[in-house]
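Student: I have a model open and want to work through its ligand site and its contact surfaces. Can we take it step by step?

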Amino acid sequence: MATKKNGPVIALGVVLGIGFVAPLLAGQPLGFFLEVTLGGLMAGVLYSLVALGFVLIFKASGVFNFAQGAMVLFAALALARLAEWLPGWVGIPAGLPALALAFVLATGIMIVLAMLIERIVLRPLVAQDPVALLMATLGVTFFLDGFGQTIWGSDVYKIDMGISKDPTIILESMFQGGILISKEDLVATVIAAVLVLGLAIFFQKTATGRALRAVADDHQAAQSIGIPLNRIWVIVWAVAGFVALVAGMVWGAKLGVQFSLAQLALKALPVVILGGFTSIPGAILGGLIIGVGEKISEVFLGPVLIKAFDLAGGGIENWFAYVLALLFLMVRPEGLFGEKHIDRV
Amino acid sequence: MRPRNIGDVILDVKNISLSFGGVKALQNISFDVKEHEVRAIIGPNGAGKSSMLNCINGVYHPQEGEIVYQGEVRRDMDTHHAAESGIGRTFQNLALFKGMSVLDNIMTGRNLKMKTGILAQALHLGPARAEELREREFVEHVIDFLEIQAYRKTPVGRMPYGLQKRVDLGRALAAQPKVLLLDEPMAGMNMEEKQDMCRFVLDINDEFGTTIVLIEHDMGVVMDISDRVVVLDYGRKIGDGTPEVVRNDPEVIKAYLGVGH
Ligand SMILES: Nc1ncnc2c1ncn2[C@@H]1O[C@H](COP(=O)(O)OP(=O)(O)OP(=O)(O)O)[C@@H](O)[C@H]1O
Ligand SMILES: [Mg+2]
């Protein structure tokens with residue numbers, strides 16, 4: 001096995017670490033610093049969720065799924081509109097009961113979508129060039145974006161999880177003014193954490209999870225001993241669809257369900273570059289690093305840059321992740337935890 | 001001589017032909033396998049032995065001929081179907097899940113026996129958990145049987161080659177197959193490891209009555225443990241019979257000595 005060149009990675013890590021604590025060294029109050037960090041962690045959890053769906057599919061079917069973001073949008077649209085329509089259709093009370101039923105239905109829709117993708121896209125194309133599959137997922141992306149608008153509409157829709165948007169102040173006794181966090185973000189974080197934990201147990205402790213890992217490890221071997229690949233693909237895409245639904249729900253609740261969700265979900269790309277395409281812990285950690293990194297740099301580095309170079313404005317949040325990913329590609333293309341070779345299993 | 005208790009034909013290979021483009025890997029091959037017997041397939045490199053096993057468990061689909069298994073004609077059976085109907089398999093080039101532990105690898109072989117639904121598993125419901133525990137206990141027996149207890153949690157990729165071969169066997173055994181297809185289970189082993197492997201194969205045959213189809217290059221081993229032998233050469237069958245008969249067959253001797261090649 002080739003020895004990894006750790007020097008540049010460590011250097012990059014040190015730079016990031018210094019950048020992280022720099023605001024404190026520069027005299028920013030600890031309370032405010034923690035507040036920004038927490039906010040970053042919560043945004044990061046959502047990136048992690050989308051990246052997770054991406055990694056699952058890449059591991060199990062070797063497909064670089066461009067459609068992950070479109071799946072988030074599609075699922076969120078389905079959830080928002082069904083929750084809106086269901087009270088009129090079946091007389092279920094609006095609000096949480098309607099949302100719960102809509103969630104179940106949207107899960108079903110994502111499962112059907114997984115079956116269709118397996119049948120129409122994967123099965124015919126699996127023996128082909130990986131580029132064909134990549135193009136196919138691009139096709140799925142545009143189809144889902146367009147088709148989603150056709151059935152669900154193209155306005156901005158609300159998802160109401162019944163959590164107040166008012167921020168809460170915690171740790172008032174420790175820091176002057178306390179730390180401001182939003183309840184909604186807190187709930188989102190808890191949901192994401194439960195989902196990640198649940199998936200980890202599912203993968204490690206169940207027969208189906210074991211089959212998924214076997215397929216991810218060596219899909220030809222798995223097929224030769226009679227593990228049904230097609231079924232595994234459906235399951236993986238369905239799980240990724242479910243993850244997209246959860247991400248779409250919490251993101252949609254926060255920002256409204258709209259086209260920009262799909263774009264936001266594209267952040268999963270730098271996240272998986274950072275964490276490694278085949279690593280679930282990498283997806284989670286990568287999401288958190290990027291979430292915190294962009295918040296810290298937006299809030300603290302932005303004003304410094306503006307002052308120093310007489311720039312127009314912030315917007316660091318929009319490019320931070322991509323620059324970091326680019327740096328990572330240069331010093332460690334396989335990501336933090338990924339396997340050395342990124343080719344199809 | 002071990003006591004033999006050979007039954008009726010369980011697997012009947014009829015006129016199988018398989019080609020890859022211009023390469024005729026198998027040409028009109030017929031032979032049968034009887035219940036509880038140890039049936040060897042031998043032949044020089046490239047003779048088509050592995051291809052034959054691949055046809056039997058549905059990895060390859062022969063262009064011609066049919067395979068009758070337990071009285072049922074099987075055409076275009078897939079690997080899942082084969083495994084489910086009791087055909088187990090090990091591989092010449094190991095096909096283990098290298099990043100997974102020994103226990104997990106062998107458990108994947110047991111997956112076929114696990115019937116609780118995916119939803120029950122996902123929600124970690126009682127029946128799914130009980131099943132997992134029950135089947136795991138069975139797999140622990142397989143691990144004990146193959147004497148690899150010390151490696152239970154070791155990722156397979158880090159084990160010595162000879163022991164990986166055992167894990168491969170264990171994974172096949174875990175499904176409690178009626179017919180076990182072994183593709184060169186002793187290749188690359190030293191004398192001692194070969195003896196161990198022979199012992200396991202014979203124990204499986206004796207204790208569980210498992211029918212065994214075995215590809216092996218070591219003629220000593222073949223003569224020792226098999227009841228009947230099929231000889232392939234360049235995709236054709238050139239011999240079939242008891243070890244004594246095959247060993248004295250002039251055409252077989254010619255193929256092995258390379259006369260005329
Ligand atoms: N998937 C494949 N694609 C193309 N040709 C193949 C394939 N599998 C086998 N062959 C060819 O079929 C012939 C028989 O191969 P096979 O592996 O069955 O031989 P074998 O008897 O198992 O040999 P060995 O003792 O080396 O394992 C060879 O010429 C081989 O190159
Ligand atoms: Mg072979």
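Tutor: This is a predicted model, and the questions below go from the ligand to the domains and then to the chains.

Student: How many residues surround ligand 1?

Tutor: Start with the closest ones. They are Gly46(B), Lys49(B), Ser50(B), Ser51(B) and Gln92(B). The full count around ligand 1 is 14 residues.

Student: Which class, nonpolar, polar or charged, has seven residues in the shell around ligand 1?

Tutor: Go through the classes in turn. Two residues of the shell are charged and five are nonpolar. The class with seven is polar.

Student: Which element gives the most to the shell around ligand 1?

Tutor: The element that gives the most supplies three residues. That element is α1(B).

Student: Which residue has a polar side-chain atom 2.6 Å from an oxygen atom of ligand 1?

Tutor: Check the polar contacts one by one. Gly48(B) uses a polar backbone atom, 2.9 Å from a ligand 1 oxygen. Asn45(B) uses a polar side-chain atom, but at 3.0 Å from an oxygen of ligand 1. The side chain at 2.6 Å belongs to Ser51(B).

Student: What share of the accessible area of ligand 1 does the protein cover?

Tutor: Take ligand 1 on its own. Its accessible area is then 640 Å². The protein covers 65% of that area.

Student: How far apart are the C-alpha centres of domain 1 and domain 2 of chain B?

Tutor: Set the bounds before the distance. In the domain assignment of chain B, domain 1 is 1-86 + 177-261 and domain 2 is 98-176. Their C-alpha centres lie apart by 26 Å.

Student: What area is buried between these two domains of chain B?

Tutor: The contact takes 22 residues from domain 1 of chain B and 14 residues from domain 2 of chain B. Carbon and sulfur atoms give 72% of the buried area. The area itself is about 1400 Å².

Student: And what area is buried between chain A and chain B?

Tutor: Here 21 residues of chain A are in contact with 24 residues of chain B. Carbon and sulfur atoms give 60% of the area buried between the chains. That area is about 1900 Å².

Methods:
Residues are numbered from 1 along each chain as its sequence is written. Chains are lettered from A and ligands numbered from 1 in the order in which they are written. This is a predicted model: local features need pLDDT of at least 70, side-chain atom pairs count only at pLDDT 80 or more; totals for chains, interfaces and linings use all residues. Side-chain values use heavy atoms; hydrogens and water are left out. A residue is near a molecule or strand if one of its heavy atoms lies within 4 Å of it. A polar contact is a pair of N or O atoms within 3.5 Å; within protein, one must be able to donate a hydrogen and the other to accept it, and residues adjacent in sequence count only if both atoms are side-chain atoms. Accessible areas come from the Shrake-Rupley method with a 1.4 Å probe; for residues, only the protein chains shown count as cover. Helices (H or I, at least four residues) and strands (E, at least two) are DSSP runs, numbered from the N terminus. Ala, Val, Leu, Ile, Met, Phe, Trp, Tyr, Cys and Pro count as nonpolar, Asp, Glu, Lys and Arg as charged, and the others, Gly among them, as polar. Domain bounds come from an automatic or database domain assignment. Contact means heavy atoms within 4.5 Å. Buried area is the accessible area (1.4 Å probe) that two parts lose on being put together, summed over both.
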